[in-house]
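This briefing addresses the surroundings of a bound ligand and the nonpolar interior of a protein. Please consult the sequence and structure shown here alongside the points that follow.

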Amino acid sequence: MDLKNHPFITYFDTLQAEKLCQQAVVENFSSETIIFEEGEIPDYLYLVLEGQVEFSKHMGIGKNQIVAFANINEFFGEFGVLDGQPRSAKATATAGTTLAKIPCDQLMEILHQTNGGVVLNIFRHIIQRLRGTTEQLVSQVVYKEKMVLIGEMINTLIHDFKSPFTSIQLASEMLKEQHLDADTQEWCELIQAQITQMLSMADEVLEFSRGNSTLYKTPINVIDLLNRFHRLNRNYFQHTKVAFIFDAPDLTLSIDETKILRVLQNLVSNAVEAFNDQGGEIEIKVRATGNRVQIKIADNGPGIPQEIQKRLFEPFVTYGKSGGTGLGTAISQSIINAHGGEISFQSKVGAGTTFYIYLPL
Ligand SMILES: Nc1ncnc2c1ncn2[C@@H]1O[C@H](COP(=O)(O)OP(=O)(O)O)[C@@H](O)[C@H]1O
Ligand SMILES: [Mg+2]
């Protein structure tokens, strides 16, 4: 798109429009280039000539929420230019974005000399933008309230589901003990495997809907923690042909043990599920690095599908399995963040996945 045909430029009379075009710097941006950060002091107004710009706000450790987009023909950054306040969001370019940047000072100078009609047009644009944002905010609040209600409903429902699940499990155990023929044994094992899966799904949903409840931190020895984890999973590992190796120093951490066990369980179950009955190796390695401790959980499975790598920690992102809730990694991240830690991963399709957890010592 030609700069002089951009709607912002056409607000001005010919002479001023020409002056603006002369002062504008046209720049191409490749995908994911940061145009400005949240909190930066504004220096330009931007006109979008090609592509799209994404605005996101920082929402706590490791979380960015996309709040708006600017497309071709639109402009952005005018709030900061007009009131001099720091940028209220981070702006990132998508692939093939071309912007014209008009320096603040020059723009203000032209605005001071311009007639009321031009200012009115810009004013109108800003009001439209504000209305749009307000509507979006209101619908977000309504959506959140609905989600809370649905969450409470699901919570009750799942609670009520858990006791019949447990009865079915007990009954099938009894049947299995009393009828030793191969068919009954096989069917009972199938029932139990399915029930176990449903119970763990129910636990994930319950844990998620409870949100970030308080942590009950106590001093926990890492070797004891991993021994306990191994004991809890011994049968599971045997059954799924998984070799589990762990290596940890004699170190004590102040953590909520139940919650950290949940994180290990979520990540290790994901690896086991990814092996898809083919067996494999899972290694947990702990080491202290400065004032933090690193917990590395590595598998030699098929890797996390490329399609979901960027959104892995978002709730409800699941791929390639029946009965996935997409909550395991989201819950793990929120538990680690609540401990003041960080979680990330590296994954290579066909070669395996490694999760890195850092916790403060
Ligand atoms: N170690 C892993 N190896 C391969 N894929 C994985 C691994 N961990 C997670 N994934 C992928 O990430 C998705 C999201 O995991 P998660 O948040 O635990 O939800 P769920 O397991 O319920 O699908 C899984 O569905 C799976 O496709
Ligand atoms: Mg999972």
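In this predicted model, a backbone N or O atom of Y319 is placed 2.8 Å from an oxygen atom of ligand 1. The protein covers 96% of the 540 Å² of accessible area that ligand 1 has on its own. The points below treat the ligand shell and then the nonpolar cores.

**Polar contacts of ligand 1**
- T329 places a polar side-chain atom 2.5 Å from an oxygen atom of ligand 1.
- For G328, a backbone N or O atom lies 3.5 Å from an oxygen atom of the ligand.

**Shell around ligand 1**
- The ligand is surrounded by 19 residues, of which N270, T318, K321, T325 and T329 come nearest.
- By class, 8 of the shell residues are nonpolar, 9 are polar and 2 are charged.
- At least two shell residues are supplied by each of helix 8 and helix 10 (328-338).
- Helix 8 provides the largest share of the shell, 3 residues.

**Nonpolar cores**
- The largest nonpolar core has 41 residues, and the members that touch the most others are I282, I284, I297, F355, I357 and L359.
- Helix 8 (residues 257-275) contributes 9 residues, the largest share of this core.
- Beyond its neighbours within four places in sequence, L359 is in contact with residues including L253, I255, I260, V293, I295 and I336; N291, R292, H339 and G341 are also among its contacts.
- A second, separate core of 21 residues has L3, A100, I102 and I126 among its members.
- In soluble globular proteins, nonpolar side chains tend to be buried together.

Terms used
Residues numbered from 1 in each chain as written. Chains lettered and ligands numbered in written order. Predicted model: local features only at pLDDT ≥ 70, side-chain atom pairs only at ≥ 80, totals over all residues. Heavy atoms only, no water. Core = buried A, V, L, I, M, F, W, Y, C linked by side-chain atoms within 4.5 Å. Buried < 20%, exposed > 50% of the residue type's maximum accessible area, 1.4 Å probe, protein only. Helix = DSSP H or I, 4+ residues; strand = E, 2+ residues; numbered from the N terminus. Contact = heavy atoms within 4.5 Å. Near = heavy atom within 4 Å. Polar contact = N/O pair within 3.5 Å; in protein donor to acceptor, adjacent residues only side chain to side chain. Areas by Shrake-Rupley, 256 points an atom, 1.4 Å probe, with all protein chains shown as cover. Nonpolar A, V, L, I, M, F, W, Y, C, P; charged D, E, K, R; others polar.
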